[in-house]
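User: Hi! I am new to protein structures and would like to learn how to read one. Could you walk me through this example?

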Amino acid sequence: MSIFTPTNQIRLTNVAVVRMKKGGKRFEIACYKNKVMSWRNKVEKDIDEVLQTHVVFTNVSKGQAAKKEDLINALEQITRHKFVKRFYPKDIATIVADKCINPDTKRPYPMSIIEKSMKECHISVKPNKNSKQQALEVIKKLQEVMPIARSQMKLRVSIPGGKAYRNKLKELAASVESQNMDEGNLQMVFLIDPGNFRKVDEIVTNETKGKGQLEVISLKDIQEGDEALE
């Protein structure tokens with residue numbers, strides 16, 4: 001097979017055309033037939049021994065070279081894809097590890113365990129969603145295969161004449177550590193899922209018309225000590 005390429009006046013022989021489609025554009029490179037498989041099998045290390053020419057074509061047989069702007073756009077997409085594939089899962093796993101605990105031990109999981117579980121569940125990342133959004137979705141999927149839960153916040157609430165609000169707060173609490181009604185004034189320390197914080201704040205701040213006080217004792221209620229790695 002002989003292909004004449006008018007772009008550089010080189011006659012290409014023994015051609016293997018390698019094709020790629022990116023961003024709706026087709027690209028082709030002219031390679032030596034006997035070198036393509038060697039490159040793919042990582043036997044051949046020198047790309048110059050594989051390529052017949054460094055020109056990137058849209059059609060090798062017609063000698064049509066690709067436009068520079070199309071190549072730049074395709075390169076940006078490839079680079080972005082590699083970045084997402086390499087770094088995005090680690091970013092999401094870090095967020096999950098930071099937000100979650102093993103509910104049986106009340107201890108956080110190492111990021112490496114979260115990342116391993118994500119791979120085993122075949123969880124794929126989506127570059128069009130931010131890391132925090134996907135981390136919440138990942139938590140739900142991991143809950144199907146392992147004991148994992150959002151680490152809870154510890155709050156202290158003080159409401160003058162707060163008897164009417166006690167049951168509302170208890171319904172939002174994961175557990176109540178202490179509660180006291182002193183002369184009708186409510187004092188309560190409890191744990192909540194972070195997703196309920198806004199509802200608690202609305203009760204204490206809005207429904208009491210600013211009379212109540214809300215204090216965050218801890219953003220994450222976890223057991224201290226060394227984590228046993230499995």
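Analyst: We will go through a helix, the nonpolar cores, a strand and a loop residue. This is a predicted model, in which local features need pLDDT of at least 70 and side-chain atom pairs count only at pLDDT 80 or more, while totals for chains, interfaces and linings use all residues. Residues are numbered from 1 along each chain as its sequence is written, and side-chain values use heavy atoms, with hydrogens and water left out.

User: Let's start with a helix. Which residues of H4 are buried?

Analyst: First, the general idea: an α-helix has 3.6 residues a turn, so residues three or four places apart point the same way. Helices (H or I, at least four residues) and strands (E, at least two) are DSSP runs, numbered from the N terminus. Buried means under 20% relative accessible area, exposed over 50% and partly exposed in between, with a 1.4 Å probe and protein chains only. In H4, the buried residues are Ser131, Gln134, Ala135, Val138, Ile139 and Leu142. They lie on the same side of H4 because they cover an arc of only 150° around the axis, taken from the directions from the helix axis to the C-beta atoms.

User: Which elements give two or more residues to the largest nonpolar core?

Analyst: A nonpolar core is a set of buried Ala, Val, Leu, Ile, Met, Phe, Trp, Tyr and Cys residues joined through side-chain atoms within 4.5 Å. The largest one here has 16 residues, and Ile92, Val138 and Leu142 are among those with the most contacts inside it. Helices H2 (68-99), H3 (111-120) and H4 (131-142) each give two or more residues to this core, with the largest share, five residues, coming from H2. Apart from it lies another core, of 15 residues, including Met153, Leu155, Ile159 and Tyr165.

User: How do I read a strand such as E9, and how many of its residues are buried?

Analyst: In a regular strand the side chains alternate between the two faces of the sheet. In E9 (residues 153-159), six of the seven residues are buried. Two strands pair if DSSP finds at least two bridges between them. E9 pairs with E11 (residues 185-192) in the antiparallel sense over seven bridges, and isoleucine 159 stands opposite leucine 186 there. Five bridges join E9 to E12, also antiparallel, with serine 158 opposite glutamine 213.

User: And a loop residue: is threonine 208 buried or exposed?

Analyst: Threonine 208 is in the loop between helix H6 (197-207) and strand E12 (213-218), and it counts as buried because its relative accessibility is 5%. Leaving out residues up to four places away in sequence, threonine 208 touches Ile159, Tyr165 and Ile203, where contact means heavy atoms within 4.5 Å.
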